[in-house]
Amino acid sequence: MDAASCQNILGSFYFGKGDYKTAEPYHKKALEIRKKALVEEHPDYVSSLNNLGNLYRRMSDYKSAELYYQEALVIRKKVLGEGHPNYALSLHSLAFLYEDMDDYKLAENYFGQVLEVRKKALGEEHPDYASSLYNLGLLYSAKGDYKTAEPYHKKALEIRKKVLGEKHPNYVTSLNDIGVLYRRNG
């Protein structure tokens, strides 16, 4: 195991415990090592960027999170292209960031892009596609737009039932969220 991986594991350990201040120097060191040892287009380098983005998002340092997520997005776009599922992961991270920032317009845009990439790359019966529908449903629910949210939730539920089965936690979560949607909508 290399030094960057060790730093990353320690950072992820503290991140998982919610000790973000302790996790930060480990993730920064992992990025620094990977930047020197690898080309910036390497997946491990991009992973370190994303880890720091996640860390700063959790710390509510949205400006820093955005910088790391944007850099990861640019690299993935250059290396993988806009139709790759890993490119969609970077879009996904930005969508959640903008949702956390209450910038629902930008979040909607990014969630929509994720949905389209996953639809083309994975098909409409893939669990990740269902998750994209689900995330858009949650976003519209958060905005109070229950009428727009409903078809996204229903389609995600349908796919999850078919692909994952009725005992899968994601199917159960979809059922619950449709119930919440109906309760909120009266």
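**Exercise 1. Is Ser-93 buried or exposed, and at what relative accessibility?** Place the residue in its helix and list its contacts.

*Solution.* The structure is a predicted model, and every value below is computed from it. Step one is the accessibility: Ser-93 has a relative accessibility of 10%, and since buried means under 20%, Ser-93 counts as buried. Step two is the location, which is helix α5, spanning residues 85-100. Step three is the set of contacts: leaving aside residues up to four places away in sequence, Ser-93 touches Asn-50, Asn-54 and Tyr-69.

**Exercise 2. Describe the largest nonpolar core, its residues with the most contacts, and the elements that contribute to it.**

*Solution.* Begin with the size, which is 39 residues for the largest nonpolar core. Inside this core, the residues with the most contacts are Leu-49, Leu-91, Leu-94, Tyr-110, Phe-111 and Leu-133. Next come the elements that give two or more residues to the core, namely α2 (20-37), α3 (43-58), α4 (62-80), α5, α6 (104-122), α7 (127-142) and α8 (146-164). As a general background, nonpolar side chains in soluble globular proteins tend to be buried together. Finally, follow one of the core residues outward: Leu-94 touches Glu-66, Tyr-69, Gln-70, Leu-73 and Tyr-110, when residues up to four places away in sequence are not counted.

**Exercise 3. Work through helices α6 and α7, giving for each the span, the buried residues and the packing partners.**

*Solution.* For α6, 19 residues reach 26 Å from the first C-alpha to the last, which is close to the 27 Å expected at 1.5 Å a residue. The buried residues of α6 are Ala-107, Tyr-110, Phe-111, Val-114, Leu-115, Val-117 and Arg-118, and they pack against α4, α5, α7 and α8. Just after this helix, Gly-123 takes a positive phi of about 95°.

For α7, 16 residues reach 22 Å between the first and last C-alpha, close to the 22 Å expected at 1.5 Å a residue. Twelve of the 16 residues of α7 are buried, so this helix is largely enclosed by the rest of the structure. Among the buried residues are Tyr-129, Leu-133, Tyr-134, Asn-135, Leu-139 and Tyr-140, and the buried residues of α7 pack against α5, α6, α8 and α9. Just after α7, Gly-144 takes a positive phi of about 85°.

**Exercise 4. Which positive phi values do Ser-60 and Asp-102 have, and where do these residues lie?**

*Solution.* The background is that most residues other than glycine have a negative phi. Ser-60 has a positive phi of about 65° although it is not a glycine; Ser-60 is placed in the loop between α3 and α4 and is partly exposed, with a relative accessible area of 47%. Asp-102 likewise has a positive phi of about 65° without being a glycine; the loop between α5 and α6 holds Asp-102, and this residue is exposed, with a relative accessible area of 53%.

**Exercise 5. How many salt bridges does a search of the whole structure find?** Analyse the pair of Arg-57 and Asp-100, then give further examples.

*Solution.* The search finds twelve salt bridges. In one of them, the side chains of Arg-57 and Asp-100 meet at 2.6 Å, N to O. This pair links distant parts of the chain, with Arg-57 in helix α3 and Asp-100 in helix α5, 43 residues apart. Both ends are assigned from their areas: Arg-57 is partly exposed at 23%, and Asp-100 is partly exposed at 33%. A further salt bridge joins Glu-82 and Lys-77 at 3.1 Å, N to O, where Glu-82 is partly exposed at 45% relative accessibility and Lys-77 is partly exposed at 42%. Beyond these pairs, Lys-29, Glu-32 and Lys-36 are linked in a network of salt bridges.

**Exercise 6. Classify the aromatic pair of Phe-15 and Tyr-20, and find where Arg-160 lies relative to Tyr-134.**

*Solution.* With centres required to lie within 6.5 Å, the count comes to seven aromatic pairs. Phe-15 and Tyr-20 form one, at 5.4 Å centre to centre with 50° between the planes, and this pair is tilted. Phe-15 is buried, with a relative accessible area of 19%. Ring pairs also link Phe-13, Tyr-14 and Tyr-26 into a cluster. Arg-160, for its part, lies over the face of Tyr-134, at 4.5 Å from the ring centre. Arg-160 is also touched by Gly-165, a residue in the loop between α8 and α9 (169-184).

Definitions and conventions. Residues are numbered from 1 along each chain as its sequence is written. This is a predicted model: local features need pLDDT of at least 70, side-chain atom pairs count only at pLDDT 80 or more; totals for chains, interfaces and linings use all residues. Side-chain values use heavy atoms; hydrogens and water are left out. Rings of Phe, Tyr and Trp (its six-membered ring) pair if their centres lie within 6.5 Å; planes under 30 degrees apart count as stacked, over 60 as edge-to-face and the rest as tilted. Buried means under 20% relative accessible area, exposed over 50%, partly exposed in between (1.4 Å probe, protein chains only). A charge sits over a ring if NZ of Lys or CZ of Arg is within 6 Å of the ring centre and within 35 degrees of the ring normal. Helices (H or I, at least four residues) and strands (E, at least two) are DSSP runs, numbered from the N terminus. Contact means heavy atoms within 4.5 Å. A nonpolar core is a set of buried Ala, Val, Leu, Ile, Met, Phe, Trp, Tyr and Cys residues joined through side-chain atoms within 4.5 Å. The expected span of a helix is 1.5 Å times one less than its number of residues. A salt bridge is a side-chain nitrogen of Lys or Arg within 4 Å of a carboxyl oxygen of Asp or Glu.
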